[in-house]
Amino acid sequence: MSERGAILRTVGEPLQIEHITLAPLAPDQVRVRIAASGVCHSDLSQATGALPVGTPCVLGHEGAGVIEAVGSEVHHLTPGTHVVIAWVAACGQCWFCARGELHLCRNAIRDTYSMPYATDSEGAALFTSMGVSSFSTATNCLARAVVPIAEDIPLEIASLIGCGVATGAGAALNTAPVEHGSAVAVIGLGGVGLASLMASRVRGAAELIAVDPVASRREAALALGATHAVDPADGDVARQIRAVTGRRGADFVFEAVGRQGTIETAIAATRRGGTTCIVGAAPPDERVSLSAYDLYMHGKTLVGCQYGSVVPARDFPLLLNLWRTGRLPLERLITGRIGLDDVNGAFDELRRGTGIRSVIVND
Ligand SMILES: NC(=O)c1ccc[n+]([C@@H]2O[C@H](COP(=O)([O-])OP(=O)(O)OC[C@H]3O[C@@H](n4cnc5c(N)ncnc54)[C@H](O)[C@@H]3O)[C@@H](O)[C@H]2O)c1
Ligand SMILES: [Zn+2]
Ligand SMILES: [Zn+2]
């Protein structure tokens with residue numbers, strides 16, 4: 001059946017909305033009719049070449065929808081089930097999965113990129129984007145990548161769980177668990193950073209310091225419970241953070257921009273003995289510079305965050321339950337509902353920092 005998808009044909013060029021044909025389902029796959037897909041900065045980074053990507057591909061990795069068909073060996077899922085698609089399809093068998101580090105699964109990438117996916121209208125093979133390819137009307141993914149969710153949860157809320165919220169909230173819940181009473185700083189207030197901020201609040205942070213050059217994003221953070229807003233234009237950010245944390249620096253600093261400068265600032269703004277968590281996705285060739293002396297003298301912990309260290313089947317329902325009870329007001333992240341044809345406009349908004357999250361909603 002012919003579907004539609006937003007294809008990245010050439011890095012640096014706009015996405016093209018085209019007809020695509022999904023491959024016949026493999027025994028271990030499911031077909032998901034996509035209801036909603038958030039637009040994440042990592043999609044933009046792939047489209048511009050800042051992050052590696054195979055082309056031509058259908059982008060989108062923050063999707064939710066309804067299972068339409070299951071492969072012959074899939075017995076635990078049925079058509080009609082509402083799901084969020086995880087962009088790490090953990091195998092459950094490897095050394096990392098056995099340790100519970102599903103986000104680091106040794107086999108996820110190989111299995112994701114070797115599964116049958118789709119062709120374009122000329123019959124040429126398309127790459128999947130991270131096994132999700134949710135900028136589309138429907139997708140093929142590995143059954144082990146989908147997490148069933150309750151049917152009464154709006155799928156546009158559920159879609160955010162697939163990347164931005166899993167990553168940002170997971171950073172503060174799993175990767176660098178925030179201790180109650182802590183001073184937390186978040187640098188970069190997009191969907192990812194604001195999810196770190198909300199989850200830090202859930203964990204009982206006392207101070208929540210929100211840093212972003214865009215005024216509307218600082219205001220969004222204050223509305224979500226930030227206690228201080230810091231504008232980098234007002235001077236050295238680490239100094240501004242120290243000024244509101246007893247001159248020590250924050251106990252936890254989450255970097256959700258993905259640039260050398262903000263990563264170095266995040267480390268500098270962390271108190272002695274504190275934790276810096278790098279959530280932003282910088283290009284593979286970006287380097288950061290650290291003082292070796294400071295590292296041991298100041299006893300800081302520096303931790304990288306891949307996908308919020310999530311265990312999807314455990315954490316996706318947990319995050320949605322926090323939403324349901326009003327503790328994680330994810331609806332506040334959605335500032336635009338758009339059609340698939342408007343995806344390039346959503347990229348422009350991400351570049352400008354207008355709004356927070358655009359969600360593509362299929363009819
Ligand atoms: N680690 C992971 O697994 C993972 C998963 C998803 C996204 N990411 C990455 O997380 C980052 C954030 O994603 P997003 O979708 O929230 O992006 P976004 O573009 O919505 O938000 C980024 C924010 O950073 C702000 N910013 C830019 N320069 C800054 C500066 N000097 N100081 C402070 N803030 C600054 C921008 O104004 C913007 O508000 C991206 O790098 C994305 O690729 C990583
Ligand atoms: Zn993402
Ligand atoms: Zn594994």
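This passage describes an open sheet, a helix lying across it, and the cysteines of a predicted model. In this predicted model, local features require pLDDT of at least 70 and side-chain atom pairs count only at pLDDT 80 or more, whereas totals for chains, interfaces and linings use all residues. Residues are numbered from 1 along each chain as its sequence is written, and side-chain values use heavy atoms, with hydrogens and water left out.

An open sheet is formed by six strands in the order β13-β12-β11-β14-β15-β16, with parallel pairing. Strands (E, at least two residues) and helices (H or I, at least four residues) are DSSP runs numbered from the N terminus, and two strands pair if DSSP finds at least two bridges between them. The edges are occupied by β13 (228–230) and β16 (301–304); each has a single partner strand, so one side of each is left without a neighbour in the sheet. From one strand to the next, the twist averages 15°. Three bridges join β12 (residues 207–211) to β13 in the parallel sense, and Ile-209 stands opposite His-228 in β13.

Helix α8 (residues 260–268) lies across β11 (183–187), β14 (250–255), β15 (270–278) and β16, contact being defined as heavy atoms within 4.5 Å. The helix runs at about 150° to β15; axes are lines fitted to C-alpha atoms, for helices over the stretch in contact, and angles run from 0 to 180 degrees between N-to-C directions.

Zero disulfides (pairs of cysteine sulfur atoms within 2.5 Å) are found in the whole structure. For Cys-305, the nearest cysteine sulfur, that of Cys-277, is 4.7 Å away. Cys-305 is buried at 11% relative accessibility, and Cys-94 is buried at a relative accessible area of 7%; buried denotes under 20% relative accessible area, exposed over 50%, and partly exposed in between (1.4 Å probe, protein chains only).

Conventions. Chains lettered and ligands numbered in written order.
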